[in-house]
Amino acid sequence: MNDVIAEIKRDYIYELAKRSERADGRALDEYRPIQVEVGLIGKAEGSARVKIGNTQVLVGVKVQPGEPFPDAPDTGVIITNVELVPLASPSFEPGPPDENAIELARVVDRGVRESGAIDLSQLTLPDGKVWLIFIDVHVLDHDGNLMDAAALGALAALVNAKKPCERYGYGPDAPLPIKESPVAVTAVDLDGEIMLDPSLDEETIASSKLTVISGLQGALAGMQKSGTGTLSVEEIARIVKLASSKAMQIRDDLFGGSTDG
Amino acid sequence: MEFMKNGKRIDNRLPNELRPIKFEVGALERADGSCYVEHGGNKIMAAVYGPRAVHPRHLQQANRAIIRYRYNMASFSVEERRRPGPDRRSIEISKVSREAIDPVIIKEFYPRSTIDIFVEILQADAGTRSAGINAASVALADAGVPMRGLISSCAVGKVDDTVVLDLVKEEDNYGQADMPVAMDVRTGEVTLLQMDGHLTLDEFEQALELGKIGCASIAKMQREALIQKYRGEEDE
């Protein structure tokens, strides 16, 4: 995303990084305050608003019966989309999803899918249809680290979601079969200092970032390096370890260690 | 599905063995640089045009060249016909592949211009983004684009709880994890890293190490292919 940043600010952030400090006073591995509210969109089967500092995303989950993919008749379907709407940043423009929105959506989707967060085999319906789960991420305010906010929003909205069985005549409404709790942690590397939850300024001057998605046991479910910078093998190994333990902490704080019910 | 038998994989390879790879430098006439690669069942053509003028002009940068990368799958490249044109998958792959190559190109030499990289997947058999990046890297060198190094890429993954190098289609589709890596082997800088599936932290470290080894072998082949072509020209 093409945000510009003044040279002087860039130098300032680099100078701070050399002393292991950050412009907003956080520790290198410290997140901005995370706030999750669920169920604020009554029309959606599940919803969540996630704020990480000033970054804000709203995730709506729609669940409806539909046709399965022909090659997987006994599994439910997940479809993930991200809208980088122009109200969220001066650098976003109207139009169909660009590569950034598509990348974001696909990383969120992979986290949910590959971690097995939803047991798709439990989404079949008696009439040969399956539940289709649409995860739509609406970015409202882009102040850095959209990846983690979107992934967290998707998880919270899924946990909050109910299958609307009653509306379609399949018995009483029921929660989705949630089996895992994938949490994304994004890091940037500034001059050898690894920072978690990069702010917009930090993410703009760092030439690349690494998102690590891990599950309840700390194992990895997904990863994505993004941006034109490079990372050494050692840096990557450090980030992955740090991210996996940070994800546990975030999960404990927000969901009390479990996502059941 | 059973992937490992007596330490061998479904195509009889060892866990740390690459598929057969063949580079053909300068396979196309009109492009400024090109490379055809066969990597196992993958057949991929890469072409480079530029540095050349940027259209549309508002994309141009005053102090450097821009890099564009188009990864495109032929409709006949896979079992079930693919609808032609970019889908979400190929848009993402184009983005991460561009970012994988971009760091080694010396863009400051060509302000206001573009270097366009086109990668056509003619036949796909897992690992197309990696094989495409390998071919693109060689095509850039063939075009004479100044670079700090060559980018080499391969996938690592996990099947039957074993970390393996360079997945084939079945291993990719039904295996436990897939992790494409790209790097400049000379400096050890990783320029692409993606992963999906399930890896413990130990398995991840093993996988990254194996990826490094795979990239190093590929880098050697890329170099040799380039040297072979240009040595031939000197002799004539």
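This report describes a sheet in chain A, the contact between chains A and B, and some backbone features of a predicted model.

**Confidence**

The average pLDDT of chain A is 93, and 97% of its residues score at least 70. Residues 257-261 of chain A have a pLDDT below 50. Beyond near neighbours in sequence, that stretch makes six contacts in the model.

**The five-stranded sheet of chain A**

Chain A contains an open sheet of five strands, in the order E1-E2-E3-E5-E4, and the pairing is mixed. The edges are formed by strand E1 (34-38) and strand E4 (77-83) of chain A; each has a single partner strand, so one side of each is left without a neighbour in the sheet. On average, neighbouring strands of this sheet are turned by 15° against each other, direction ignored.

Within the sheet, strand E3 (residues 55-66) and strand E5 (residues 130-141) of chain A run antiparallel and are joined by 11 bridges. One residue pair places the two strands in register: Val57(A) has Val139(A) in E5(A) as its bridge partner.

Two helices of chain A pack on this sheet. Helix H2 (residues 99-114) of chain A touches E4 and E5 of chain A, and its direction makes about 145° with that of E4(A). Helix H3 (residues 146-160) of chain A touches E1, strand E2 (46-52), E3, E4 and E5 of chain A. The direction of H3 of chain A makes about 150° with that of E2(A).

**Contact between chains A and B**

On the chain B side, 25 residues are in contact with 27 residues of chain A. Helix H1 (88-101), strand E9 (189-199) and helix H4 (201-235) of chain B are the elements that give two or more residues to this side. E9(B) supplies the largest share, 11 residues. Sorted by class, the side of chain B that touches chain A has 10 nonpolar, six polar and nine charged residues.

E9(B) also pairs with a strand across the chains. Strand E11 (residues 220-227) of chain A and E9(B) run antiparallel, with four bridges joining them. In this pairing, Met223(A) stands opposite Met195(B) in E9(B).

**Backbone features**

Most residues other than glycine have a negative phi, and most peptide bonds are trans. The table gives the exceptions described here.

| Site | Feature | Angle |
|---|---|---|
| Gly50(B) to Pro51(B) | cis peptide bond | omega near 5° |
| His55(B) to Pro56(B) | cis peptide bond | omega about -5° |
| Asn145(A) | positive phi, not a glycine | phi near 60° |
| Ala126(B) | positive phi, not a glycine | phi about 70° |

As for the cis bonds, Pro51(B) is found in strand E3 (residues 42-53) of chain B, and Pro56(B) lies in the loop between E3 and strand E4 (66-73) of chain B.

The two residues with positive phi are in loops. Asn145(A) is in the loop between E5 and H3 of chain A, two elements that belong to the sheet and its packing helix described above. Asn145(A) counts as buried because it has 27 C-beta neighbours inside 10 Å, where the cut-off is 20 or more. Ala126(B) is in the loop between strand E5 (113-123) and helix H2 (128-142) of chain B. With 24 C-beta neighbours inside 10 Å, Ala126(B) also counts as buried.

Key:
Residues numbered from 1 in each chain as written. Chains lettered and ligands numbered in written order. Predicted model: local features only at pLDDT ≥ 70, side-chain atom pairs only at ≥ 80, totals over all residues. Pairing = 2+ DSSP bridges. Axes fitted to C-alpha atoms, helices over the stretch in contact; angles between N-to-C directions. Contact = placed C-beta atoms within 7 Å. Nonpolar A, V, L, I, M, F, W, Y, C, P; charged D, E, K, R; others polar. pLDDT = per-residue confidence, 0-100. Buried ≥ 20, exposed ≤ 12 C-beta atoms within 10 Å, placed from the backbone.
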